[in-house]
Amino acid sequence: MIKKVETSKRFQARIPASLMDRIEACRDAYARQGIKVNVSAAVQDFLEKETRRMEKEIKQMNPNFVPGQKQEELDL
């Protein structure tokens, strides 16, 4: 099977130090079990779900909405 590879853009997010400490603790626990955790993939999955939710919400307000259209074309 051939997997389509998309180009990616860098995305930075600030998170509280306490959350980062918890993530690192979980990563360490998984590593002791020989499991590697990919937080970037989990964040990407979350963002895709949230984007689909937002697009659906916008479509309810404006049925003519097409992802990627210019802001001045939106009539919200």
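**Exercise 1. Find how many residues separate Arg53 and Glu50 in helix α2, and work out what links their side chains.**

Step 1. Being 3 residues apart in helix α2, Arg53 and Glu50 are separated by about one helical turn. This structure is a predicted model, and the values below are computed from it.

Step 2. An α-helix has 3.6 residues a turn, so residues three or four places apart point the same way.

Step 3. A salt bridge requires a side-chain nitrogen of Lys or Arg within 4 Å of a carboxyl oxygen of Asp or Glu. The side chains of Arg53 and Glu50 meet this rule, with a distance of 3.1 Å from N to O.

Step 4. For the surroundings, consider accessibility: Arg53 is partly exposed at 42% relative accessibility, and Glu50 is also partly exposed, at 26%.

**Exercise 2. Determine which residues are linked with Arg53 in a network of salt bridges.**

Step 1. Arg53 forms a salt bridge with Glu57 as well, and here the closest N and O atoms are 3.3 Å apart.

Step 2. Glu57 and Arg53 lie 4 residues apart in helix α2, which again is about one helical turn, and Glu57 counts as partly exposed with a relative accessibility of 42%.

Step 3. Putting the pairs together, Glu50, Arg53 and Glu57 are linked in a network of salt bridges.

**Exercise 3. Describe the salt bridge that Glu24 forms, and state how many salt bridges are counted by the rule.**

Step 1. The partner of Glu24 is Arg27, and the closest N and O atoms of this salt bridge are 3.1 Å apart.

Step 2. Both residues belong to helix α1, where they are 3 residues apart, or about one turn of the helix.

Step 3. Glu24 is partly exposed, with a relative accessible area of 30%, and Arg27 is likewise partly exposed, at 31% relative accessibility.

Step 4. The count by this rule comes to 3 salt bridges.

**Exercise 4. Compare the reach of helix α1 with the span expected for it, and say what follows the helix.**

Step 1. Begin with the chain, which contains 2 helices and 0 strands.

Step 2. Helix α1 covers residues 17–32, which is 16 residues. The expected span is 1.5 Å times one less than the number of residues, and for α1 the expected value is 22 Å.

Step 3. From its first C-alpha to its last, α1 reaches 23 Å, which is close to that expectation.

Step 4. After α1 comes Gly34, whose phi is positive, near 85°.

**Exercise 5. Identify the residues that make the nonpolar surface patch, and then those closest to the centre of the largest pocket.**

Step 1. Buried residues make up 3% of the 76 residues in the chain, and the chain exposes about 7,800 Å², of which carbon and sulfur atoms supply 53%.

Step 2. A nonpolar patch of about 400 Å² on the surface is made by Phe11, Val43, Phe46 and Leu47; of these, Phe46 has its place in helix α2, which runs over residues 39–61.

Step 3. The largest pocket has a volume of about 930 Å³. It is lined by 23 residues, and the closest to its centre are Phe11, Ser40, Val43, Gln44 and Leu47.

Step 4. The elements that give two or more residues to this lining are α1 and α2, and the largest share, 7 residues, comes from α2.

Definitions and conventions:
Residues numbered from 1 in each chain as written. Predicted model: local features only at pLDDT ≥ 70, side-chain atom pairs only at ≥ 80, totals over all residues. Heavy atoms only, no water. Buried < 20%, exposed > 50% of the residue type's maximum accessible area, 1.4 Å probe, protein only. Areas by Shrake-Rupley, 256 points an atom, 1.4 Å probe, with all protein chains shown as cover. Patch = residues over 30% accessible without salt bridge, like charges linked within 9 Å, V, L, I, M, F, W, Y side chains within 5 Å. 1 Å grid on protein atoms, 1.4 Å probe; cavity = no way out; pocket = protein on both sides within 12 Å on 5 of 7 lines; lining within 4 Å. Points joined across faces, edges and corners; volume = space filled by probe spheres on them.
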